[in-house]
Amino acid sequence: MKINKTYILFIVLFIHFGLKCQTECIALVKNKINHDSSIVLLEKCAENTKQDTISYVKTICHLSNLLTKKSRYVRAEKKLFSLLSLIYTPRHKLLRGVVYNHLANNYKASRELSKALRFYLQAEILFEKEKSYNNLIKLYTDMAEYYRSQGQYGDARKYIKKSHDLFFKKASRDTLQLIHIYNRYAAIANENSPSDSSLMFSLLALDLCRKTGNLHGEAISYNEIGFAMKNRKNVDSSMNCYKRAFDLWMKVGADADAIHAKYNLALLLGHNNYPKKIVLPIYQEIIEMVINKKIDYPLDQVFLGLSNCYFFAGDSLDYYRARKYAYEALMEKNRKIYDLDVSNIKERYENEKNLERITKYTNELEESEKKLTLKRKENRVMYISLIVLIPLLIIIGFLLKRIYTDNKRLNTKNKEKDVLIQEIHHRVKNNLQFVSSLINMQINSSKSNLEIDSLNDASRRIRSMALVHEMLYNQDNLEGVEIKKYLEELMSSINEIVNSKNIPIQFNIQCEKTIFETTKAIALGMITSELVSNSIKYAFKKTPTPCIDIELKKLNTGKISFTVRDNGLGMNNKVDTNSEKLGMRLISIFSRQIKGDYSFQNDGGLVYTITFEL
């Protein structure tokens with residue numbers, strides 16, 4: 001137990017001192033960004049913070065910034081890409097966005113602009129999705145600087161405004177970030193056109209720097225104000241600002257920035273025709289500082305400016321000497337650029353091989369992570385299934401038993417219902433037959449032909465209805481009547497009742513096999529009965545081979561077409577269509593009952609057609 005406590009204490013102290021080391025290194029790098037020893041220091045600091053992923057990533061990002069400032073773009077890229085293989089998991093989304101942002105800044109500095117924009121946009125997507133507003137503020141500021149460096153001032157203003165608005169909308173308290181935003185706002189305004197907004201933002205940044213004691217930021221603000229004053233032709237104010245910026249940068253040890261402020265001062269005085277005895281010492285002071293302090297600053301333009309001063313002063317010897325030094329400095333600068341290019345090419349070759357290896361391992365790790373996650377999900381599902389399965393099986397068994405019992409009871413009741421329905425149909429059929437028998441008895445006792453015909457019609461109509469109930473009683477299917485079989489039996493019955501003269505009539509019945517519900521079957525039967533009996537009675541007086549055709553078919557529209565046709569005398573419109581006749585009234589009533597559209601026409605005999613929904 002003591003060993004465990006000691007081990008834990010050691011880890012805590014290690015992380016504590018690692019974080020302290022990281023803070024001190026970063027502070028040193030910010031103040032002495034031009035010292036090569038800073039790179040070594042940051043690399044040692046990164047080794048000490050490897051146990052803490054977040055601190056390690058931040059340290060490497062600061063190291064990449066320093067390498068970018070040193071034009072070691074490929075080495076910076078390599079450092080940043082090595083982080084991507086470390087933070088591939090979903091919980092490190094924000095860290096990935098931070099690395100993307102630094103990669104974009106590195107590509108911007110190396111003028112690989114398409115790559116820079118791609119990584120800026122990837123970081124933007126991540127930060128917006130995670131609602132990481134502080135990171136978004138920094139990203140928008142960097143993107144504004146990206147567009148400013150390309151001269152796209154409209155986009156630059158858009159992004160710096162987004163950064164500024166988001167800062168105040170989310171009530172951020174990062175004063176350093178606000179100073180940076182104000183300084184970039186001023187720089188964009190200065191680049192675009194001289195305006196009051198440039199001076200306003202520089203003064204806002206300057207005020208914040210003084211309140212927080214940020215000397216480096218204060219120097220930047222003075223430098224921007226000097227630039228704005230130079231554009232306004234206010235030479236004295238611009239000169240004082242450049243001097244103040246130089247003093248502040250020298251105070252914090254930012255020698256390269258201080259020299260740049262001094263160079264801006266020399267240009268300002270030279271362009272405004274100040275005496276050469278004032279301008280010459282400034283150029284000489286810059287040269288001495290670079291040489292004595294071994295500061296990494298290009299001297300070609302400085303010597304060129306110095307040579308121009310000698311030229312206008314009439315000192316030809318020093319003019320040529322300064323020109324010679326300018327060309328030597330230019331060659332040295334080009335040599336360094338060439339050496340850096342060679343170094344970058346070598347490192348890029350190594351990077352590509354390492355990147356392929358990293359990408360391969362990252363893909364394998366992601367695939368393994370996905371498989372592991374999927375396996376865990378499957379295991380959880382299996383455990384939950386096992387927990388739920390037993391009570392579920394019990395419930396299912398209980399329900400199946402209950403369903404079986406209910407089905408058995410319902411089947412018994414259905415059989416009882418079917419028996420009762422069949423009994424009802426049987427009784428209805430018997431009652432109708434009884435009525436028909438009474439009518440037949442009346443027919444036998446009657447002596448009037450008109451009365452006999454009327455009673456025969458009544459008997460026929462009752463027989464049509466009784467036949468439906470008889471068929472329902474004699475079949476197992478109680479849902480309806482098979483219409484073809486019904487019509488065949490109906491024709492036989494009508495012929496037997498109506499055809500008293502035994503006319504040899506041919507019946508042709510063409511019906512598709514269709515089941516009709518009871519109401520529609522009776523209606524169709526009554527219509528057919530009236531039409532066929534009327535044809536038998538009146539249509540075949542002059543027809544040698546009487547024929548009645550009955551056709552029932554389904555149309556493409558889903559409706560049913562029913563046709564009754566004879567080859568008799570046809571219809572006399574003035575007499576036969578008289579709606580006062582009982583037969584025609586019945587046909588009309590039952591046609592409307594099944595909601596059909598019907599018509600009569602003469603076509604080699606009488607043709608009745610009705611179309612209706614089944």
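The questions and replies below go through a predicted model, asking how its helix packing, burial and salt bridges are classified.

Me: What makes up the chain, and how many of its residues count as buried?
Reply: The chain has 20 helices and seven strands, and of its 614 residues 40% count as buried. Among contacts between residues at least 6 apart in sequence, 60% join residues at least 24 apart.

Me: Why is helix 6 called roughly antiparallel to helix 7?
Reply: Helix 6, residues 113-130, and helix 7, residues 133-149, pack at an angle of about 160°, with their axes 10 Å apart. Angles over 145 degrees count as roughly antiparallel, and that makes helix 6 roughly antiparallel to helix 7. The crossing of these two helices is left-handed.

Me: Which residues make the contact between helix 6 and helix 7, and how do they divide by class?
Reply: On the side of helix 6 the contact includes Leu113, Leu117, Tyr120, Glu124 and Phe127, and on the side of helix 7 it includes Leu136, Leu139, Tyr140, Asp142 and Met143. By class, the residues of this contact divide into 13 nonpolar, one polar and three charged.

Me: How do you know that helix 13 and helix 14 are roughly antiparallel?
Reply: Helix 13, residues 255-271, packs against helix 14, residues 276-293, at an angle of about 160°, and their axes are 9 Å apart. Set against the cut-off of 145 degrees, over which angles count as roughly antiparallel, the two helices are therefore roughly antiparallel to each other. Helix 13 passes helix 14 in a left-handed crossing. Among the residues that make the contact are Ile259, Lys262 and Tyr263 of helix 13, together with Ile282, Glu285 and Met289 of helix 14. The residues of this contact comprise 13 nonpolar, one polar and four charged.

Me: What makes the pair of Lys262 and Glu285 a salt bridge?
Reply: The side chains of Lys262 and Glu285 meet at 3.4 Å, N to O, and the cut-off for a salt bridge is within 4 Å, so the pair counts as a salt bridge. Lys262 lies in helix 13 and Glu285 in helix 14, so the pair ties together parts that are 23 residues apart in sequence. As background, side chains of opposite charge can pair when their charged atoms come close.

Me: Why are Lys262 and Glu285 put in separate burial classes?
Reply: Buried means under 20% relative accessible area, and partly exposed lies between that and 50%. Lys262 has 11% relative accessibility and therefore counts as buried, whereas Glu285, at 31%, counts as partly exposed.

Me: How do you know that Glu224 and Arg184 form a salt bridge, and are these residues buried or exposed?
Reply: The side chains of Glu224 and Arg184 meet at 3.9 Å, N to O, which is within the 4 Å that a salt bridge allows. The pair links distant parts of the chain, with Glu224 in helix 11 (residues 215-231) and Arg184 in helix 9 (residues 175-192), 40 residues apart. Glu224 has a relative accessible area of 12% and is therefore buried, and Arg184, at 12% relative accessibility, also counts as buried. Salt bridges that share partners join Glu145, Arg148, Arg184 and Glu224 into one network.

Me: What makes Lys93 and Glu130 partly exposed, and where do they lie?
Reply: Lys93 and Glu130 meet through their side chains in a salt bridge of 3.7 Å, N to O, one of 16 salt bridges in the structure. Lys93 is in helix 5 and Glu130 in helix 6, 37 residues apart, so that the pair links distant parts of the chain. Because partly exposed begins where buried, under 20%, ends, Lys93 at 23% is partly exposed, and Glu130 at 36% is partly exposed.

Me: Why is Asn105 called buried?
Reply: Asn105, which is found in helix 5, residues 93-109, has a relative accessible area of 15%, and since buried means under 20%, Asn105 is buried. Leaving aside its neighbours within four places in sequence, Asn105 is in contact with Thr68, Tyr120, Lys138 and Asp142.

Terms used. Residues are numbered from 1 along each chain as its sequence is written. This is a predicted model: local features need pLDDT of at least 70, side-chain atom pairs count only at pLDDT 80 or more; totals for chains, interfaces and linings use all residues. Side-chain values use heavy atoms; hydrogens and water are left out. Axes are lines fitted to C-alpha atoms, for helices over the stretch in contact, and angles run from 0 to 180 degrees between N-to-C directions. Helices (H or I, at least four residues) and strands (E, at least two) are DSSP runs, numbered from the N terminus. Angles under 35 degrees count as roughly parallel, over 145 as roughly antiparallel, 65 to 115 as roughly perpendicular and the rest as oblique. A crossing is left-handed if the near helix is turned anticlockwise from the far one by less than a right angle, and right-handed if clockwise. Contact means heavy atoms within 4.5 Å. Ala, Val, Leu, Ile, Met, Phe, Trp, Tyr, Cys and Pro count as nonpolar, Asp, Glu, Lys and Arg as charged, and the others, Gly among them, as polar. Buried means under 20% relative accessible area, exposed over 50%, partly exposed in between (1.4 Å probe, protein chains only).
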